[in-house]
Amino acid sequence: MPVVPAEYCPVSIGASVLGDRWSLLIVREIMVGSTQFSAILRGLPGLSRSLLTARLRHLEGVGVLTRVPSGSGRSHEYRLTEAGEDLHELIHELGRWTVRWWFPEPQPDQVNNALLLWRMRSGITTLLPSGRTTIQFDFTDGDVRRGWLVATNTEVSVCLHDPGFAVDLNVTGSGRLWHQIWFGHRQLDEAITTGEILVEGPPKLVRALPKWFGMSPFSGDVRAAKAVGQ
């Protein structure tokens, strides 16, 4: 357990357990399904492997998460304990507070298309066609200009190099606009209707595309905040 701070106060003691930025973000990643070390690291650009190892060890030590065997060999996954699951409300309320008071639309230097695709993969719904569906994204801005989502009945993968599968849909548009859409500043249907997002492929799949993505858990809060501000 961490060293108990001098001040006897629940806020002070709680801050000593989860008071650094990375701890809460690691918990957030596990909450959205990134349970392996490499997946957690991929969702947290700027975090080094050594610091992630230290933070995971700390969170395990304070009883927020636990390691469980994964498959054969020495591999394992990280799962939230009851105490970790109990952080859902805290993390969601932190996000909602940010949306209410300071969450402007993304700036050009915040466009991270590789990370956005990684986020989008967790929001893929069960409405995809059976079998494998490959979606190629061509971005008109941002450092990564092309990426793929490859979805099967059991998993969704993000590829930044050609996966070698036939492309079912090609989607072209601004990376900044996709960030706006994902976080609720804009609507995907609207952007497709205005031609800002171009979707090419079989008509049936083109029409179905907007139904395939569940957006950020905070997108509803962002839309509500924008409605109040109008």
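**Figure 1. Trp97 in a nonpolar surface patch.** Trp97 has a relative accessibility of 49%, so Trp97 counts as partly exposed (buried is under 20% relative accessible area, exposed over 50%, partly exposed in between; 1.4 Å probe, protein chains only). The model is predicted: local features need pLDDT of at least 70 and side-chain atom pairs pLDDT 80 or more, while totals for chains, interfaces and linings use all residues. Residues are numbered from 1 along each chain as its sequence is written, and side-chain values use heavy atoms, without hydrogens or water. Trp97 sits in helix H6, residues 88-101 (helices are DSSP runs of H or I with at least four residues, strands runs of E with at least two, numbered from the N terminus). Trp97 shares a nonpolar surface patch with Leu94, Trp101 and Trp102. Together the four expose about 590 Å² of accessible area (Shrake-Rupley, 1.4 Å probe, only the protein chains shown as cover). Patch members have over 30% relative accessible area and no salt bridge; nonpolar side chains (Val, Leu, Ile, Met, Phe, Trp, Tyr) are joined within 5 Å, like charges within 9 Å.

**Figure 2. The whole chain, for orientation.** The protein has 230 residues, and 39% of them are buried. Its secondary structure comprises 11 helices and seven strands. The C-alpha trace spans about 65 × 55 × 30 Å along its principal axes.

**Figure 3. The largest pocket and its lining.** This pocket holds about 1,500 Å³ of space. Its lining counts 42 residues. Closest to the pocket centre are Leu25, Arg28, Phe103, Arg119 and Phe183. Four helices each give two or more residues to the lining: H2 (21-31), H6, H7 (113-122) and H8 (175-182). By class, the lining has 22 nonpolar, 14 polar and six charged residues (Ala, Val, Leu, Ile, Met, Phe, Trp, Tyr, Cys and Pro are nonpolar, Asp, Glu, Lys and Arg charged, the others, Gly among them, polar). A pocket is an open set of points on a 1 Å grid over the protein atoms alone, where a 1.4 Å probe fits, with protein on both sides within 12 Å along at least five of seven lines; lining residues have an atom within 4 Å of a point. Points are joined across faces, edges and corners, and the volume is the space filled by probe spheres set on them.

**Figure 4. A salt-bridge network at Arg28, Glu29 and Arg119.** Salt bridges link these three residues in a network (side-chain nitrogen of Lys or Arg within 4 Å of a carboxyl oxygen of Asp or Glu). Arg28 and Arg119 are also among the residues closest to the centre of the largest pocket. The protein's salt bridges come to 11 by this rule. Side chains of opposite charge can pair when their charged atoms come close.

**Figure 5. Asp20 pairs with Arg55.** The closest N and O atoms of this salt bridge are 2.9 Å apart. Asp20 lies in the loop between helix H1 (10-18) and H2, and Arg55 in helix H4 (residues 49-61), so the pair ties together parts 35 residues apart in sequence. Asp20 is partly exposed at 25% relative accessibility. Arg55 is buried at 19%.

**Figure 6. Arg96 pairs with Asp221.** Their side chains meet in a salt bridge at 3.3 Å, N to O. Arg96 belongs to helix H6 and Asp221 to helix H11 (residues 219-229). The pair links distant parts of the chain, 125 residues apart. Arg96 has a relative accessible area of 30% and is partly exposed. Asp221, with 19%, is buried.

**Figure 7. Arg79, with Glu77 and Thr66.** Glu77 and Arg79 form a salt bridge, with their closest N and O atoms 2.5 Å apart. Glu77 is buried, at a relative accessible area of 14%. Arg79 is partly exposed at 38% relative accessibility. Thr66 belongs to strand E1, residues 65-69. The C-alpha atoms of Thr66 and Arg79 are separated by 5.4 Å, and the two are 13 residues apart along the chain. Thr66 is partly exposed, at 31% relative accessibility.

**Figure 8. Thr35 and Leu80.** Thr35 lies in the loop between H2 and helix H3 (37-42). Its relative accessible area is 10%, so Thr35 is buried. Leu80 is 45 residues from Thr35 in sequence and 9.2 Å from it in space, C-alpha to C-alpha.

**Figure 9. Lys204 and Asp143.** Lys204 is part of helix H10, residues 203-208. Lys204 counts as exposed, at 65% relative accessibility. Its C-alpha atom is separated from that of Asp143 by 31 Å. Along the chain, the two are 61 residues apart.
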